[in-house]
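Open the model in your viewer and keep the selection box at hand. Each stop below gives something to select and what to find there.

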Amino acid sequence: MIIGEIPLPSGAFGVDAVAMTMRFGDFTALDDVGLKVRPGTLHALLGENGAGKSTLVKCIMGYYHATEGQIIVGEREQTIANPKDAHALGLGMVYQHFTLVPAMTVAENLVLARDNVPAVVDWAKEKKELEAFLAQMPFKVPLNARVSGISAGERQKCEILKQLYLKRRFLILDEPTSVLTPGEADEVLGMLRAMVEKGELTILMITHKFREVMAFADEVTILRRGKLAGKGLVKELTPDAMARAMIGAEELTIQPPRSGETGGVRLELNKVCALDDAGAIAVNDVSLSVRGGEIVGIAGVSGNGQRQLVEV
Ligand SMILES: Nc1ncnc2c1ncn2[C@@H]1O[C@H](COP(=O)(O)OP(=O)(O)OP(=O)(O)O)[C@@H](O)[C@H]1O
Ligand SMILES: [Mg+2]
């Protein structure tokens with residue numbers, strides 16, 4: 001690993017994963033997959049559950065050691081032995097689930113995420129520097145608010161901001177909008193898109209949402225069962241073509257017929273109300289019934305009472 005020899009690039013740079021194979025025992029999660037993310041682009045990585053998307057990005061970030069394959073960062077081949085190596089090269093990752101410490105403020109979360117935090121932090125100085133940093137960012141977050149008190153959309157912005165604060169210039173986002181409303185998702189992706197267009201950032205985004213791919217991504221790579229199933233410029237593709245590559249054209253047309261009768265009502269909720277652990281209303285006036293032999297889905301953005309409903 002050669003770190004410190006070349007300075008971190010200040011702008012966007014690309015990452016090339018060449019002929020990546022990852023085996024877990026006998027199981028091949030990635031089979032000779034290539035992924036080329038050009039500098040200053042937003043690249044979408046698509047695939048069904050279990051297609052190998054997270055495995056591929058974990059290999060890039062050094063969480064996994066690929067069985068075979070090379071990673072090229074900028075113009076140079078690199079051995080990324082662990083996430084620290086990836087961070088030193090300017091690579092950062094935002095997880096689907098939040099990693100901020102809820103009991104700390106946004107400012108504390110940002111400063112304490114640095115590698116070089118002094119034993120005694122000069123908070124007045126740090127705050128000043130944070131404000132100067134924030135002034136250059138398109139995101140606005142409340143620095144003095146406790147993370148536990150801010151919305152999911154604001155938390156996700158803080159996660160991304162943390163990566164930018166840590167001077168990461170190649171961001172991997174694993175389903176960054178799963179906890180956001182469509183409005184919040186558009187806001188966050190729009191801001192990132194603007195930074196990409198200015199040449200400040202390169203983004204690799206795992207997503208299941210074609211709408212976001214069509215609206216925000218330049219290029220797409222599609223995996224299916226660990227293999228490369230397609231790639232191309234988004235402007236030359238349709239959601240239908242991408243779905244066919246993800247699922248396999250043959251399988252897209254086969255819809256198993258629904259069979260079996262539904263039985264009597266087995267569970268009935270009548271105007272259920274419940275408070276969450278903090279005493280706020282989590283479930284308000286929910287009525288539903290579930291019949292025998294039936295699957296009932298509950299839809300909604302994460303954090304809107306689904307968990308409390310199940311607990312009730
Ligand atoms: N540490 C591991 N050990 C064994 N098998 C694993 C491991 N990690 C992933 N796999 C398997 O590799 C395959 C690909 O998993 P991966 O998490 O990369 O899928 P994914 O495309 O990210 O799916 P999702 O959309 O559900 O997040 C799956 O079959 C998974 O069970
Ligand atoms: Mg995954």
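Select strand β11, residues 265-275, in this predicted model. Lys271 sits in that strand. Check its backbone: phi of Lys271 is near 50°, a positive value in a residue other than glycine. Most residues other than glycine have a negative phi. Is Lys271 buried or exposed? At 56% relative accessibility, Lys271 counts as exposed.

Now go to the loop between α5 and β7 and pick Lys167. Here too phi is positive, about 65° for Lys167, which is not a glycine. Lys167 is exposed, with a relative accessible area of 57%.

**The sheet with β7**

From that loop, step into β7 (170-174). Which strands make up its sheet, and in what order? Six strands line up as β6-β7-β8-β3-β9-β10. The sheet is open and its pairing is mixed. Colour β6 (91-94) and β10 (227-233), the edge strands. Each has a single partner strand, so one side of each is left without a neighbour in the sheet. From one strand to the next, the twist averages 15°.

Zoom in on β7 and β8. They run parallel and are joined by 5 bridges. Select Leu173 and look across to β8: its bridge partner there is Met205.

Next, bring up α6. This helix packs on the sheet and touches β3, β7 and β8. The direction of α6 makes about 145° with that of β8.

**Helix α6**

Stay with α6, residues 182-197. Put a distance between its end C-alpha atoms: they are 22 Å apart. At 1.5 Å a residue, the 16 residues of α6 should span 22 Å, so the two values agree.

Show the side chains of Ala185, Val188, Leu189, Met191, Leu192, Arg193, Met195 and Val196; these residues of α6 are buried. What covers them? The cover includes β3 (42-47), α5 (152-165), β7, β8 (202-206) and α7 (210-216). Just after α6, click Gly199, where phi is positive at about 80°.

**The antiparallel sheet**

Move to the sheet ordered β2-β1-β4-β5. These 4 strands form an open sheet with antiparallel pairing. Its edges are β2 (27-37) and β5 (76-78). Each of these has a single partner strand, so one side of each lacks a neighbour in the sheet. On average, neighbouring strands are turned by 30° against each other, direction ignored.

Select β1, residues 15-24. β1 pairs with β2 in the antiparallel sense over 7 bridges. Highlight Val15: its bridge partner in β2 is Val37.

Add helix α1 (residues 53-61), which packs on this sheet. α1 touches β1, β2 and β4 (68-73), and its direction makes about 115° with that of β1.

**Helix α1 and ligand 1**

How many of the 9 residues of α1 are buried? Seven are, so the helix is largely enclosed by the rest of the structure. Select them: Lys53, Thr55, Leu56, Val57, Cys59, Ile60 and Met61. Gly62 follows α1 and has a positive phi, near 85°.

Finish at ligand 1, with 13 residues around it. Which of these come nearest? Asn49, Gly50, Lys53, Ser54 and Thr55 do. Lys53 and Thr55 are also among the buried residues of α1.

Now display the polar contacts. A backbone N or O atom of Ala51 lies 3.2 Å from an oxygen atom of ligand 1. For Gly52, a backbone N or O atom is 2.9 Å from an oxygen atom of the ligand. Last, select Tyr64: an N or O atom in its side chain is 3.3 Å from a nitrogen atom of ligand 1.

Terms used: Residues numbered from 1 in each chain as written. Chains lettered and ligands numbered in written order. Predicted model: local features only at pLDDT ≥ 70, side-chain atom pairs only at ≥ 80, totals over all residues. Heavy atoms only, no water. Helix = DSSP H or I, 4+ residues; strand = E, 2+ residues; numbered from the N terminus. Expected span 1.5 Å × (residues − 1). Buried < 20%, exposed > 50% of the residue type's maximum accessible area, 1.4 Å probe, protein only. Contact = heavy atoms within 4.5 Å. Pairing = 2+ DSSP bridges. Axes fitted to C-alpha atoms, helices over the stretch in contact; angles between N-to-C directions. Near = heavy atom within 4 Å. Polar contact = N/O pair within 3.5 Å; in protein donor to acceptor, adjacent residues only side chain to side chain.
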